[in-house]
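Me: I am new to reading protein models, and I would like a close look at a single part of this one. Please take me through one loop and then through the strands around it, step by step.

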Amino acid sequence: MKEEFLLVDGYNLINAWDELKDLASLSLESARVRLLDILCNYQGFKGIEVIVVFDGHLVKGNQGTETKYNNIYVVYTKEAFSADNYIERSLNYLPKDYRVRVATSDGLEQIITMGKGAVRVSARELYEEINTAEKTIRKDYIENRPPKNNMLADYVDEKTRRWIEEMRLNKR
């Protein structure tokens, strides 16, 4: 099975998700960081490559940047080069070797995405996927775990736990 890439139109999602839109009205930087944090958690759960693309094309003299934010990649496009342009160029080569999904609610971009061999994901669909993943994480990894004392023996299987206990009591 091919490795999966998720390309995300960052500002499109910020404007499509109520939580982020409200935050952006107070601070666009805070909304960007919140989106990146959400996508970092999602990446950790899904184990896929995530690239978030933000438009920088209206910033005079902008050279653009590509950086890593925790476990995801963040791109700010250069002057005269939109997030849509970046995503479209990426679709010229990524689908040959990877399963590519593009998260945007831009209708034209969704059509181009499908035409280039990638899977389109609307902002609403990605929001629902992320909420489902967060509920699974909470249920499977947080709420249903027995309380632990953060000791080594709390994190190993029963056979290893017995061995540790025998070593502790000098029975080995």
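Reply: A80 is found in the loop between β4 and α4, and in this predicted model its backbone deserves a careful look, for phi of A80 is near 65°, a positive value in a residue other than glycine. To see why that is worth pausing over, recall that most residues other than glycine have a negative phi. As for its surroundings, A80 has a relative accessibility of 66% and therefore counts as exposed, since the cut-off for that word is over 50%.

The loop that holds A80, between β4 and α4, is also the place of K78, where β4 covers residues 72-76 and α4 covers residues 83-90. K78 has a relative accessibility of 44%, so it counts as partly exposed. Although K78 and V59 are separated by 19 residues in sequence, their C-alpha atoms are 7.9 Å apart in space.

If we now step back from the loop into β4 itself, we find that this strand pairs in the antiparallel sense with strand β3, which spans residues 65-69, and that five bridges join the two. Within this pairing, E66 stands opposite V75 in β4. β3 and β4 form a hairpin with two residues between the strands, and there N70 takes a positive phi near 55°. N70, which lies in the loop between β3 and β4, has this positive phi although it is not a glycine. At 58% relative accessibility, N70 counts as exposed, because its value is over 50%.

The strand β5 makes a useful contrast in setting, and it is worth following with the structure in view. Strand β5 is made of residues 99-103, and four of these five residues are buried, so the strand is largely enclosed by the rest of the structure. Strand β1, residues 4-9, runs parallel to β5 and is joined to it by five bridges; in this pairing the bridge partner of L6 is R101 in β5. Strand β6, residues 119-121, also runs parallel to β5, and three bridges join them, with V102 standing opposite R120 in β6. When you trace any of these strands by eye, it helps to remember that in a regular strand the side chains alternate between the two faces of the sheet.

Terms used: Residues numbered from 1 in each chain as written. Predicted model: local features only at pLDDT ≥ 70, side-chain atom pairs only at ≥ 80, totals over all residues. Heavy atoms only, no water. Helix = DSSP H or I, 4+ residues; strand = E, 2+ residues; numbered from the N terminus. Buried < 20%, exposed > 50% of the residue type's maximum accessible area, 1.4 Å probe, protein only. Pairing = 2+ DSSP bridges.
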